[in-house]
Amino acid sequence: MKRKQYSNDLRATVLGEVKNGRTVRSVSDQFGISVATIYSWHRNQVPQRKLSYKEMEKRMNRLIKENESLKEDVEILGKATAWFVQNGPATSKGRTSSSR
């Protein structure tokens, strides 16, 4: 299957639309270009900056803290779910639906 070739002008126009605030989906629909293609053009257009060791370490520590926080959230939500399964949802008067 042959790949479609798009002109540099069209690529610039499409990326300009996205840069100006339009969603990738709407631009994709207007120009008949896949969302994946537009994201690929954007990724290739924006130079990837190499991070220093210090920056990588800082980012890693932030992600570790975020991960720990999310694990706590999952644990709390799991306990809340178990409680609601056992007790049912509370009504606006503070009683459960089974105590009526």
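Trp-41 is buried in this predicted model. Its relative accessibility is 8%, which falls under the 20% limit for a buried residue. The residue sits in helix α3. Beyond its neighbours up to four places away in sequence, Trp-41 touches Tyr-6, Arg-11, Val-14, Leu-15 and Ile-33. One of these partners, Arg-11, is 30 residues from Trp-41 along the chain. The C-alpha atoms of Trp-41 and Arg-11 are nevertheless separated by 7.5 Å.

Trp-41 also belongs to the largest nonpolar core of the model. Seven residues form this core. Besides Trp-41, they are Val-14, Leu-15, Val-24, Val-27, Ile-33 and Ile-38. Three elements give two or more residues to the core: α1 (8-19), α2 (24-31) and α3 (35-45). Val-27, a member of the core, has contacts with Val-14, Glu-17, Val-18, Arg-22 and Ile-38 once neighbours within four places in sequence are set aside. Two of these partners, Val-14 and Ile-38, are core members as well.

The packing of α1 with α3 was examined next. The axes of the two helices come within 10 Å. They cross at roughly 90 degrees. An angle of 65 to 115 degrees counts as roughly perpendicular, so α1 and α3 are roughly perpendicular to each other. On the α1 side, the contact is made by Arg-11, Val-14, Leu-15 and Val-18. On the α3 side, Ile-38, Trp-41, His-42 and Gln-45 take part. Five residues of this contact are nonpolar, two are polar and one is charged.

Helix α2 holds Ser-28. This serine counts as buried because its relative accessibility is 6%. Ser-28 has contacts with Ile-33, Ser-34, Val-35 and Ile-38, leaving aside neighbours within four places in sequence. Among these partners, Ile-33 and Ile-38 are part of the largest nonpolar core.

Leu-10 has its place in helix α1. Its relative accessible area is 24%, so Leu-10 is partly exposed. Not counting residues up to four places away in sequence, Leu-10 touches Phe-31 and Ile-33. Phe-31 is 21 residues from Leu-10 along the chain. A distance of 9.1 Å separates the C-alpha atoms of Leu-10 and Phe-31. The other partner, Ile-33, is also touched by Trp-41 and is in contact with Ser-28. Ile-33 is itself one of the core residues.

The chain as a whole has four helices and zero strands. From the N terminus on, its elements run α-α-α-α. Buried residues account for 11% of the 100 residues in the chain. The exposed area of the chain is about 9,000 Å². Carbon and sulfur atoms supply 54% of this area. Among contacts with a separation of 6 or more, 25% join residues 24 or more positions apart. The pair of Trp-41 and Arg-11, 30 residues apart and touching, illustrates such a separation.

How values were computed:
Residues are numbered from 1 along each chain as its sequence is written. This is a predicted model: local features need pLDDT of at least 70, side-chain atom pairs count only at pLDDT 80 or more; totals for chains, interfaces and linings use all residues. Side-chain values use heavy atoms; hydrogens and water are left out. A nonpolar core is a set of buried Ala, Val, Leu, Ile, Met, Phe, Trp, Tyr and Cys residues joined through side-chain atoms within 4.5 Å. Buried means under 20% relative accessible area, exposed over 50%, partly exposed in between (1.4 Å probe, protein chains only). Contact means heavy atoms within 4.5 Å. Accessible areas come from the Shrake-Rupley method with a 1.4 Å probe; for residues, only the protein chains shown count as cover. Axes are lines fitted to C-alpha atoms, for helices over the stretch in contact, and angles run from 0 to 180 degrees between N-to-C directions. Angles under 35 degrees count as roughly parallel, over 145 as roughly antiparallel, 65 to 115 as roughly perpendicular and the rest as oblique. Ala, Val, Leu, Ile, Met, Phe, Trp, Tyr, Cys and Pro count as nonpolar, Asp, Glu, Lys and Arg as charged, and the others, Gly among them, as polar.
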